[in-house]
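Student: Got a minute to walk through this one with me? I'd like to start with a single residue and work outwards.

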Amino acid sequence: MNYDSGRLRADLGAGLVSAIVVLPLALAFGVVSGLGPIAGLWGAVAVGFIAAVLGGTRVQISAATAPMAIAVSFVLVRYADTPVEALAIIFIAAVLQVLIGLLRLGSLVQYTPYSVTAGFISGIGVMVVLLQVLPFFGADPILGNPIDSIRHWDDAANDMDFHAFGLAVTTFIICAGWPKRLRRYVPRVPGALVIGAIVGAIVFDGAPRIAEVIEAPSFWAMEMPGGGFWGAVGAAVTIALIGAMNSLMNASHADSMTGQQHDPNRELIGVGLGNAVAAMFGGLPGAGSPSATQANIRAGAQTRIAGAASAVIALVLIIVLSGLIDAIPYAVLAGILLWLGLSLIDWRLITHLYRVQREHMLVMLLTLGLTVFVDLLVAIAAGVVAAALAASRRFERLELDSVLSVPMLDAVFFADSDRVDVSQFDAFTARVGMVKMRGSFTIASSNRLRIAISKDIVEHEVVILDFTETSYIDDSAALVVEGLIDAAMEHDTECIVIGLDNLPSGSLQSLDVLRRVPGDHFVASFDEARIIAARLLEINLEINKASRAEA
C-alpha cells in the first residue's frame, strides 16, 4: 500500500479523535485502579504508542480499560501494600505477556468461549458500578472489593455530599442521553467530561476535585511485594491473562470492522512491551480499548501511524491541559464510570437468558458471580472448565449419534458368500455384530461409548469394528476401543477390523490398542470381513458338531 499525504491526513485525524476518547477513559480508569488518574494518563501514552508501533493490529488503540483497571485494583488490595509494589507486579505481568507472544500461545487465548467472556466482562461492569456508588455520594472509593463498598453505602448516603451527588447524576444523564447526531462529531465520553466539568465549576463548585498535579513520572519506582518474587508472579498472572484476553477480543472485533487479520502473538508482544514501559514510568497497564479503537476506525484510520499519533497527541494534550485536568471533579469521573460499567454488562445475553441453552446460561452466571464476589483469575479458570464440560456433553450426544452398533443376521450377512450355505441358518440368528464409528471420537463420549457398545459386542461370536468413516480418535476413546476388544476376547468373541488404513495415524496406533487382534483379521473392505467371519464361524460350527457327537 502506497502511503501518501491523504492517508497521512486520515491517520492524523483519526489519531486526534481517538486521543480525545482515550484521555477521559484513562483518567476514569486510573481512579478505579487505585493508582490515580495520572497513572492512567501516563499508561495510556506508553502502551498506546508502543502497542501501535510493535503490535499485531494496524488500527487498534491500546489504553486503559475497565478489566485492566479492576485487575490492578484487585492486585493492589490483595497482593501489594503500596502502589510501587503494584508497579513491580505490573512489570512482571508485562513480561509474561511478551513471553506468551514469543511462545506463540496468543491464538489459544482467543478460544475462550463467549459465555465465559460475556460473564467475565459483565462481572467487570457490575464491579465498576458497585464501586462507583461511594464516589457518587462524595465518599472515597474502596478499591477492588465490591462487598466492602456495599457495606459503606449506608454511611455514605447519610453523609452525602450533595454537590458531588448532583454532579455525578448530571454527568451520568449527559453520558447516557448523548444525542446520536452529535456522536459523529463529539464522542460521548469526552463530551460528558467537558460539560460535566463546566457544570461542576458553575453549579456544583463544592464537589471534590482531582488533587494530583501533572508531574513527570518517577522512573523505575518499583519495589518487590512482601510475598517475594513468586508471590508477585502469581498476582501478575491475573493481570497478564486478563490483559491478553482483553486485547485479543478487541483485536478480533476490530478485524470484523475492517476486514483485516491481526497477529495475536505480535499483538501480545507489543502490548506487553508497552505495559512494561508504563510500569517503569508509574503508569497503569493497558489493553485494546473498544471505545478508542472504534473511534479510530470510524474516523478513517489507515495504518499504525494513527495509533502512534493518538499517543503523541494525548501526551501533548496532557501537558497543555494539565491545569484543567487537575480541576476536574471526581464526581464527573464517577458519573462516566457508572455509565461505562453499565455499558460493559451484556444486556442482550442477560435479557435473553431464558432462551439460551441451560449450559451456556450456567457458565455465564458462574463466571459473572465469581468475577464479582471471589477472584478474577478463578472466575476465568472456572468458567473455561465449566464451558469445556458443557461442550463435552454436547459433543457426547453428537458423537454417540455417529456410532452404529447393529446385529447382522446370518442369512443376510452371508447371502453373497459362496463359502457358506445360508439355507442352514435360522432366519433370526445373528452371530455377527458390526460397530461402525463415523466421524470423531474424544473423551466427551468415551465413557458412554463403552457402556453403549460393550453389551452388544459380547452377544455375538464375531464383531466387526469398522473405522472406514472415522476421522479422529483421541487417547481416551482409543482406550475404550481397547477395552471393548478385551471384553470381546473374554467372551470368546472374535474381532475383525475394517478400514484402519484410512484412519489418520493417531492414538490407535501409538497406544497399540489393537495388539490382541490377530494380524489376518485386519481387512480393507466389508467383503474381506465377510470371508474372515465365515471362516471363523465354520470353525465354531465344526467344534459344536464334534461336541454334540461326543455327547
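Tutor: Sure, let's begin with Gly-36, which sits in the loop between helix 1 (5-33) and helix 2. Keep in mind that this is a predicted model.

Student: Is Gly-36 buried or exposed?

Tutor: Gly-36 is buried, at a relative accessible area of 11%.

Student: And how far is the C-alpha of Gly-36 from that of Leu-284?

Tutor: The two C-alpha atoms are 8.7 Å apart, although Gly-36 and Leu-284 are separated by 248 residues along the chain.

Student: What share of contacts between residues at least 6 apart in sequence join residues at least 24 apart?

Tutor: That share is 82% in this chain. The chain has 551 residues, and 51% of them count as buried. Its secondary structure comes to 26 helices and 9 strands.

Student: OK, strands. What order do they take in the open sheet?

Tutor: The order is 3-4-6-8-9, so five strands in your terms, with mixed pairing.

Student: Which strands stand at the edges?

Tutor: Strand 3 (403-408) and strand 9 (522-523) do. Each has a single partner strand, so one side of each has no neighbour in the sheet.

Student: How do strands 8 and 9 run, parallel or antiparallel?

Tutor: They run parallel, and 2 bridges join strand 8 (residues 494-498) to strand 9. Val-497, for instance, has Phe-522 in strand 9 as its bridge partner.

Student: Switching to charges: how many salt bridges does the structure hold?

Tutor: It holds 8. One of them brings Asp-466 and Lys-436 together, with the closest N and O atoms 2.9 Å apart. That pair links distant parts of the chain, with Asp-466 in strand 6 (residues 462-466) and Lys-436 in strand 4 (residues 432-437), 30 residues apart.

Student: Are those two buried or exposed?

Tutor: Asp-466 is buried at 5% relative accessibility, and Lys-436 is buried at 14%. Lys-436 and Asp-466 also belong to a salt-bridge network with Glu-469.

Student: Which residue forms a salt bridge with Glu-482?

Tutor: Arg-515 does, and the closest N and O atoms are 2.6 Å apart. Arg-515 is in the loop between helix 25 (507-510) and strand 9, while Glu-482 is in helix 24 (residues 475-490), 33 residues away. Glu-482 is buried, at 15% relative accessible area.

Student: What about Asp-148 and Arg-151, how far apart are they in sequence?

Tutor: They are 3 residues apart in helix 8 (residues 146-151), so about one helical turn separates them. Their side chains form a salt bridge at 3.1 Å, N to O. Asp-148 is partly exposed at 26% relative accessibility, and Arg-151 is exposed at 61%.

Student: Back to the loops. Where is Thr-65?

Tutor: Thr-65 is in the loop between strand 1 (62-63) and helix 3 (66-78), and it is buried at a relative accessible area of 3%. Its side chain makes a polar contact of 2.7 Å with the side chain of Asn-246. Beyond its neighbours within four places in sequence, Thr-65 touches residues including Phe-29, Ala-287 and Ser-289.

Student: Last one: which residues form the nonpolar patch on the surface?

Tutor: Among them are Phe-49, Leu-54, Leu-273, Val-316 and Ile-319, and the patch has about 850 Å² of accessible area together. Helix 2 (37-54) and helix 16 (304-320) each give two or more residues to the patch. Helix 16 supplies the largest share, 4 residues. Ile-319 lies in helix 16 and is exposed, with a relative accessible area of 55%.

Methods:
Residues are numbered from 1 along each chain as its sequence is written. This is a predicted model: local features need pLDDT of at least 70, side-chain atom pairs count only at pLDDT 80 or more; totals for chains, interfaces and linings use all residues. Side-chain values use heavy atoms; hydrogens and water are left out. Two strands pair if DSSP finds at least two bridges between them. Buried means under 20% relative accessible area, exposed over 50%, partly exposed in between (1.4 Å probe, protein chains only). A polar contact is a pair of N or O atoms within 3.5 Å; within protein, one must be able to donate a hydrogen and the other to accept it, and residues adjacent in sequence count only if both atoms are side-chain atoms. Contact means heavy atoms within 4.5 Å. Patches are made of residues with over 30% relative accessible area and no salt bridge: like charges are joined within 9 Å, nonpolar side chains (Val, Leu, Ile, Met, Phe, Trp, Tyr) within 5 Å. Accessible areas come from the Shrake-Rupley method with a 1.4 Å probe; for residues, only the protein chains shown count as cover. A salt bridge is a side-chain nitrogen of Lys or Arg within 4 Å of a carboxyl oxygen of Asp or Glu.
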